[in-house]
Amino acid sequence: QTALLAGYAYADWTVRRLAPKTSVRLHAVLLAASLVVAGRHRGFDESFCRELARGAAREYRLGVRRFAEMSELDIWYSRIDADEFLRAFEEKGMGKHHALARKAVAKAQRKDRTRAFEKLGAHEDHGMKIDADPPLIIPIEEMLPDAEAEQVDAWARNLIESYRASLHGSRRHLLDHYTYRHLARKVVGVGSVGMRNWVILLTGRDDRDVLFLQVKQAERSVLEPFAGRSRYANQGRRVAEGHWLIQAASDKFLGWVRAPGFDGHTYDFYVRQLWDWKGKADFDAMPRRTFPVFGGLCGRTLARSHARSGDAIAIGAYLGRGDAFERAIERFATAYADQTERDHATFTAAVKSGRLRADTKH
């Protein structure tokens with residue numbers, strides 16, 4: 001699925017519990033504002049950036065209305081895969097850009113567990129481990145130098161065993177072929193900075209058969225004050241259930257766990273493979289003509305997510321046949337992007353003045 005939509009997978013109850021128009025506006029604005037910010041970052045003129053927002057909203061509206069005419073089973077079987085992604089460029093007669101898109105897909109397909117070990121792993125006399133790359137990756141023995149190795153191993157093995165219970169039977173069978181080797185803390189995206197995120201290295205039949213699991217802390221959704229509490233007591237399960245609901249194909253190892261931290265407090269986590277053919281859009285390298293195609297694909301993907309998790313007929317009726325929705329999203333997204341730039345200017349000024357510390361090497 002498209003990188004811009006990764007943050008929308010918080011919970012299946014978001015679209016159900018929020019009024020359709022509230023949820024639609026929230027997610028569509030996030031998508032459209034992201035495109036405006038990216039376009040401005042590249043130096044595109046303002047009219048083009050506004051059209052990016054409007055075009056993505058238009059594809060979303062048309063997509064939802066198409067889904068509203070489909071059966072529930074047809075909605076659930078529909079997907080936007082790599083072939084359709086590439087076909088979107090081919091249909092626009094963008095030969096050169098189609099080649100670049102093929103290259104991006106191939107790069108994502110190479111981003112697997114073997115490449116993860118090449119980037120993160122190391123062989124030592126005592127076996128395999130996760131290599132240090134401070135401040136982004138810190139092995140557990142460097143975080144807790146006084147802790148006994150046996151204690152750390154026991155904590156990690158108990159976490160894996162508890163997480164195992166959240167997997168489907170066939171996935172448990174697959175996980176049972178792997179053995180715990182090493183643990184490290186990993187800093188990830190902006191939305192997770194400050195929360196507990198672990199990387200666990202496991203091996204299968206030999207040292208070439210590696211598996212990296214990412215264990216990410218999950219907290220209550222920021223939408224709870226407006227949508228009500230989740231039906232799931234474990235916030236990691238809330239996130240995993242949301243992924244399963246809106247994604248056409250989810251990680252085989254997606255699950256959840258509740259585990260004590262080294263500080264004595266208990267936290268909820270969701271678990272997935274660290275790399276599993278995951279790709280992202282490189283806005284710095286993306287050609288100008290590619291932006292509208294990419295934004296349109298994002299809009300269609302979001303439409304499919306809402307059609308699966310909500311009432312496509314109700315949402316389609318709210319969006320209507322005219323362009324009022326996309327024009328409203330364009331205005332709101334532009335204002336949202338303006339505020340984002342003001343916030344970023346405040347942040348960079350604080351770093352420059354020394355009020356905030358920042359590591360610019362990474």
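Contact here means heavy atoms within 4.5 Å. By that criterion, and leaving aside neighbours within four places in sequence, K252 is in contact with L167 and R171. The structure examined is a predicted model, and K252 offers a handy way into it. The residue K252 lies in the loop between α12 and β7, the latter spanning 255-260. With a relative accessibility of 48%, K252 counts as partly exposed, because that category runs between the 20% and 50% cut-offs. A further link across the sequence is given by H168: the C-alpha atoms of K252 and H168 are separated by 9.3 Å, although the two residues are 84 apart along the chain.

Stepping back to the whole protein, the secondary structure comes to 15 helices and eight strands. Of the 362 residues in the protein, 44% are buried. The accessible surface comes to about 19,600 Å², and carbon and sulfur atoms account for 51% of that area. The contact map can be summarised in a similar way: among contacts between residues at least 6 apart in sequence, 67% join residues at least 24 apart.

The helix that precedes the K252 loop deserves a closer look. Helix α12 covers residues 235-246 and packs with helix α13, residues 290-309, at an angle of about 110°. The axes of α12 and α13 are 8 Å apart. Because angles of 65 to 115 degrees count as roughly perpendicular, α12 is roughly perpendicular to α13. On the α12 side, the contact is made by W244, L245 and I246, while α13 contributes R304, S305, R308 and S309. Sorted by class, the contact of α12 with α13 has three nonpolar, two polar and two charged residues.

One member of this contact, I246, can be followed in some detail. I246 lies in helix α12 and has a relative accessibility of 10%; that value is under 20%, so I246 counts as buried. The C-alpha atoms of I246 and S305 are separated by 4.5 Å, with their positions 59 residues apart along the chain.

Among the strands, β5 (residues 197-203) holds L201. L201 counts as buried because its relative accessibility is 0%, under the 20% cut-off. Along the chain, L201 and R181 are 20 residues apart, and their C-alpha atoms are separated by 5.5 Å.

Backbone geometry adds a detail for anyone checking peptide torsions. P134 and P135 are joined by a cis peptide bond, for which omega is about 5°. P135 lies in the loop between β2 (127-130) and β3 (137-139).

Finally, the cysteines were considered. A disulfide is a covalent bond between the sulfur atoms of two cysteines. A search of the whole structure finds zero disulfides. Two cysteines can be described by their accessibility: C49 is buried, since its relative accessible area of 1% is under 20%, and C298 is likewise buried, with a relative accessible area of 0%.

Methods: Residues are numbered from 1 along each chain as its sequence is written. This is a predicted model: local features need pLDDT of at least 70, side-chain atom pairs count only at pLDDT 80 or more; totals for chains, interfaces and linings use all residues. Side-chain values use heavy atoms; hydrogens and water are left out. A disulfide is a pair of cysteine sulfur atoms within 2.5 Å. Buried means under 20% relative accessible area, exposed over 50%, partly exposed in between (1.4 Å probe, protein chains only). Axes are lines fitted to C-alpha atoms, for helices over the stretch in contact, and angles run from 0 to 180 degrees between N-to-C directions. Helices (H or I, at least four residues) and strands (E, at least two) are DSSP runs, numbered from the N terminus. Angles under 35 degrees count as roughly parallel, over 145 as roughly antiparallel, 65 to 115 as roughly perpendicular and the rest as oblique. Ala, Val, Leu, Ile, Met, Phe, Trp, Tyr, Cys and Pro count as nonpolar, Asp, Glu, Lys and Arg as charged, and the others, Gly among them, as polar. Accessible areas come from the Shrake-Rupley method with a 1.4 Å probe; for residues, only the protein chains shown count as cover.
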